[in-house]
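Visitor: I have a protein model open in front of me and would like to learn how to read it, one feature after another. Could you take me through it slowly?

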Amino acid sequence: MSSRIEQSPWRSSPEQLTLLRGVVHLWRIRLDVTGQVTQLQGVLSADELTRMNRYRYSRDRDRFAVCRGALRNVLGRYLDKKAEEVEFLYGPHGKPFIAGNRGEFPLEFNISHSSNYALMGFMLDRAIGVDVELMRADLDIESVSLVSMSSTERNDILSRSGQDRVDTFYRYWTCKEAYLKMRGVGMTLDPRSFSMSLAGPQLVQAPVCDRNFEVWSSSWVDVEPDFRGAFVCEGNLPSSCEFYDFQL
Ligand SMILES: CC(C)(COP(=O)(O)OP(=O)(O)OC[C@H]1O[C@@H](n2cnc3c(N)ncnc32)[C@H](O)[C@@H]1OP(=O)(O)O)[C@@H](O)C(=O)NCCC(=O)NCCS
């Protein structure tokens with residue numbers, strides 16, 4: 001099912017973070033915060049530092065450090081651990097999970113970044129995928145839709161014009177990518193092979209997979225005026241959603 005959750009303003013997180021079952025927590029991170037790079041870089045693991053140093057430009061190294069450091073910081077708060085003690089495992093197509101996450105209601109998360117923003121999503125015991133994209137008004141939507149959308153989605157997008165076309169493209173795109181990330185398959189599953197609906201309950205014709213993801217929900221999110229976000233989670237639409245701005 002796809003519909004819109006009620007969006008409240010992004011706000012500072014409370015001192016005591018409580019994540020209840022059936023609720024989603026979304027976090028927005030500004031990646032260009034030069035004053036925090038050193039501190040956030042300090043919690044990265046050796047393999048993350050290696051990844052960071054593969055970026056050619058310092059702006060990209062800094063964004064990586066802030067993104068991973070913020071993720072570790074927030075995971076540490078949920079798990080009551082130090083940020084540097086959080087350990088990750090990776091699925092067959094690169095989806096990160098928390099190592100040793102075996103509680104009754106394990107914490108699930110996902111993260112996405114685009115330009116100078118990142119979006120993180122957290123739920124208990126339900127797979128989640130998130131996506132954020134900088135909306136580019138100059139994107140050749142007709143060509144990109146040919147390689148990324150089903151024919152139903154493409155017809156809907158191309159029947160619109162101007163800003164409405166751009167908005168509709170990015171709503172589909174972020175929901176589709178979040179769906180692929182919830183499943184952990186990413187682009188190994190052809191995004192043209194399934195259709196999403198942006199209005200009301202929907203039947204998604206997506207190939208089945210090992211885990212039972214038959215019931216799932218999606219909603220798009222306003223991250224910033226130029227940034228479209230979305231999350232998709234296993235099961236029905238969450239009962240509520242909290243919107244937090246990351247701050248050290
Ligand atoms: C998942 C995927 C669509 C993400 O694309 P992207 O343009 O990097 O998009 P985003 O910014 O939204 O997401 C990046 C984050 O998603 C997470 N991620 C990576 N692979 C993932 C997957 N298969 N499923 C869910 N999340 C994934 C990571 O946290 C990553 O952040 P990081 O690069 O800082 O570690 C893309 O990486 C993909 O298709 N991967 C599968 C293809 C594959 O098997 N690649 C080989 C990697 S082992």
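Guide: Let us begin with strands, bearing in mind that this is a predicted model. In general, the side chains of a regular strand alternate between the two faces of the sheet. In this structure β8 and β9 pair in the antiparallel sense over 8 bridges, and the two strands form a hairpin with 2 residues between them.

Visitor: Which residue stands opposite C233 of β9?

Guide: That residue is S217. As for the surroundings of β8, the strand is mostly covered, since 7 of its 9 residues are buried.

Visitor: In what order do the strands of the open sheet lie?

Guide: The open sheet is formed by 5 strands in the order β1-β10-β2-β6-β5, and the pairing is mixed. β1 (11–12) and β5 stand at the edges with a single partner strand each, so one side of each is left without a neighbour in the sheet. Further inside that order, β2 and β6 run antiparallel and are joined by 6 bridges, and if you look for L26, you will find that its bridge partner in β6 is G121.

Visitor: How should I read the nonpolar core?

Guide: The general idea is that nonpolar side chains tend to be buried together in soluble globular proteins. Here the largest nonpolar core has 52 residues, and the members that touch the most others are I29, A118, M120, F231, V232 and C233. Among the elements that give two or more residues to this core are β2 (23–30), α3 (58–79), β6 (117–124) and β9 (227–234), while α6 gives the most, with 9 residues.

Visitor: Which residues does M120 touch, not counting residues up to four places away in sequence?

Guide: Leaving those neighbours in sequence aside, M120 touches W27, I29, L71, V74, F109, I111 and V130.

Visitor: What should I look for in a helix such as α3?

Guide: An α-helix has 3.6 residues a turn, so residues three or four places apart point the same way. In this model α3 has 22 residues and reaches 31 Å from its first C-alpha to its last, which is close to the 32 Å expected at 1.5 Å a residue. Just after α3 comes D80, which takes a positive phi of about 60 degrees.

Visitor: Why does a positive phi deserve a remark?

Guide: It deserves one because most residues other than glycine have a negative phi. D80 is a residue other than glycine with a positive value, and its place is in the loop between α3 and β3 (88–90). S115 is another case, with a positive phi of about 50 degrees although it is not a glycine, and S115 is found in the loop between β5 and β6.

Visitor: Why does D80 count as exposed, and why does S115 count as partly exposed?

Guide: The reasoning rests on counting neighbours, because a residue with 12 or fewer other C-beta atoms within 10 Å is exposed, and one with 20 or more is buried. D80 has 7 C-beta neighbours inside 10 Å, so it counts as exposed. S115 has 15 such neighbours and therefore counts as partly exposed.

Visitor: Which residues come nearest to the ligand?

Guide: Of the 18 residues around the ligand, G94, K95, S112, G186 and M187 come nearest. At least two residues of this shell are supplied by each of β5, β7 and α6, and the largest share, 4 residues, comes from β5. By kind, the shell divides into 5 nonpolar, 9 polar and 4 charged residues.

Methods: Residues numbered from 1 in each chain as written. Predicted model: local features only at pLDDT ≥ 70, side-chain atom pairs only at ≥ 80, totals over all residues. Core = buried A, V, L, I, M, F, W, Y, C linked by C-beta atoms within 7 Å. Contact = placed C-beta atoms within 7 Å. Expected span 1.5 Å × (residues − 1). Near = placed C-beta within 6 Å. Nonpolar A, V, L, I, M, F, W, Y, C, P; charged D, E, K, R; others polar. Pairing = 2+ DSSP bridges.
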